[in-house]
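Student: I should like to request a close look at a single part of this model, followed by a connected account of it.

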Amino acid sequence: MTSARQPSAANGTVPRPRRKSADFAAGSRFWPGLIRGVLDHPERLELVFQPIVSLAEGVIVGYEALARFPQSPTITPDRWFAAADAIGHGAELEAQAVARCLELRSSLPPNCFLTVNVSPHLLTEPALADLLINAGDLAPLVLELTEHRAVADVRPLIALRDRLASQGILMALDDAGSGYSGLQQMTLLRPHLIKLDRALVANADRDETKLALAELLGEFAGRLDAWLLAEGIETWGEMEAFLRLRVPLGQGYLLGRPAPPWSALDPAVVTRLRTANARTQLTENVASLVETAVVEGDGVLGGQLGIRVDAHRRPVILLLPVSGRADDRTYREAPVTLRVPPSAGIAEVAQRLIARPLESRFDPVVCVDGEGQPIGLIRVERILQRLAECPGGSSSRLKYHRRSEAGRV
């Protein structure tokens, strides 16, 4: 993000000092002038775009447009839009971002959609509604409803949704699992895309409750004929957890940061994503259950499962977080008592688990390659969960029986 260029004395304009963010927080009298300046000079609102990725295929299928106000980089975009709404210009400011996205559609890469954030309570305002209604064909635009409060009367919103749907637009619901985006709102609005709240994604690989809720929302999304998107993925542990759940779409710093249009995926990320995804498809053996673990000395543990290796990089000690919190550096050490190849059958490994000493029976299993070096760890609860699933593929895992359609969600 670049800062706005300040006027120079050379052109006869005396530069104004940049106000501190505290001034804006305490002095609402500054907001009308700031908002009017952006509305009168649309170039002061910049857009960056974060890729949305098909996790099964390792390809970009869409981008989310994110607003930036470079003239005041210390003030977050959400505060700009909230201030504009408070003084009666919220729909106009959001319309400015939507209009920019409408213009950019022609330059989108093939088979990609473009999402833009709008507030449900503002969408029916003329500044936004008329812009969209008069734009003709709206594909492949996706309106992402981001407000965390309920709309008093959803009937006008639903009527507008139906009208815009006839013009090719799709709807997404942001922050599913929190605030406004509850199950009732999903039922009423019937979005095409449901984005998991970041709070459910962060450290989900270490929290079975979060994964259970994500699974519930995924099942519900499937009933609505919607796609689930895990937003804010930042670690490979989180990524692998959602791959195991068969979540079809992902977004986050791990896959790509917001950037000018249109960024591509890092080839190294694509390779690792496809490898991890292929491993999760092997449901009969433990390869599908392997989680990334940090080898001591190769990286910061940061609350993750860890492994200590010997001089030949063979695992000898498990480093197990006591609390599972990323900010807790307390670990207990346990000897490695079971090593298995990724091709080992799940039932076979379960039989070996119960033969271990009681004190280590529920410690993770180390998955190793042909040279005995660690690939990752397998939690015992993952093995038990897989065994508990119904045979013949009738598991309660997320079922997405449609293939990802190019450029659509």
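In which hand, left-handed or right-handed, does α13 cross α14?

Tutor: In this predicted model, the crossing of α13 past α14 is left-handed. Helix α13 spans residues 346–353 and helix α14 residues 380–388; their axes come within 10 Å and cross at roughly 125°. Because this angle lies neither over 145 degrees nor within 65 to 115 degrees, α13 is oblique to α14. On the α13 side, the residues that meet the partner helix are Ile346, Ala347, Val349, Ala350 and Leu353, and their counterparts in α14 are Val380, Ile383, Arg386 and Leu387. By class, this contact comprises eight nonpolar residues, one charged residue and no polar ones.

Helix α14 spans residues 380–388, a range that also takes in Arg382. The side chain of Arg382 is joined to that of Glu291 by a polar contact of 3.1 Å. Glu291 itself is placed in the loop between α12 (267–280) and β9 (294–295). Glu291 counts as buried because its relative accessibility is 4%, below the 20% limit. Leaving aside neighbours within four places in sequence, the contacts of Glu291 include Gly376, Leu377, Arg379 and Arg382, together with Asp205, Glu240, Arg244 and Leu305.

The loop that precedes α12 may be added to this account. Trp262 lies in the loop between β8 (249–251) and α12, and the peptide bond from Pro261 to Trp262 is cis, with omega near -15°.

Notes: Residues are numbered from 1 along each chain as its sequence is written. This is a predicted model: local features need pLDDT of at least 70, side-chain atom pairs count only at pLDDT 80 or more; totals for chains, interfaces and linings use all residues. Side-chain values use heavy atoms; hydrogens and water are left out. Axes are lines fitted to C-alpha atoms, for helices over the stretch in contact, and angles run from 0 to 180 degrees between N-to-C directions. Helices (H or I, at least four residues) and strands (E, at least two) are DSSP runs, numbered from the N terminus. Angles under 35 degrees count as roughly parallel, over 145 as roughly antiparallel, 65 to 115 as roughly perpendicular and the rest as oblique. A crossing is left-handed if the near helix is turned anticlockwise from the far one by less than a right angle, and right-handed if clockwise. Contact means heavy atoms within 4.5 Å. Ala, Val, Leu, Ile, Met, Phe, Trp, Tyr, Cys and Pro count as nonpolar, Asp, Glu, Lys and Arg as charged, and the others, Gly among them, as polar. Buried means under 20% relative accessible area, exposed over 50%, partly exposed in between (1.4 Å probe, protein chains only). A polar contact is a pair of N or O atoms within 3.5 Å; within protein, one must be able to donate a hydrogen and the other to accept it, and residues adjacent in sequence count only if both atoms are side-chain atoms.
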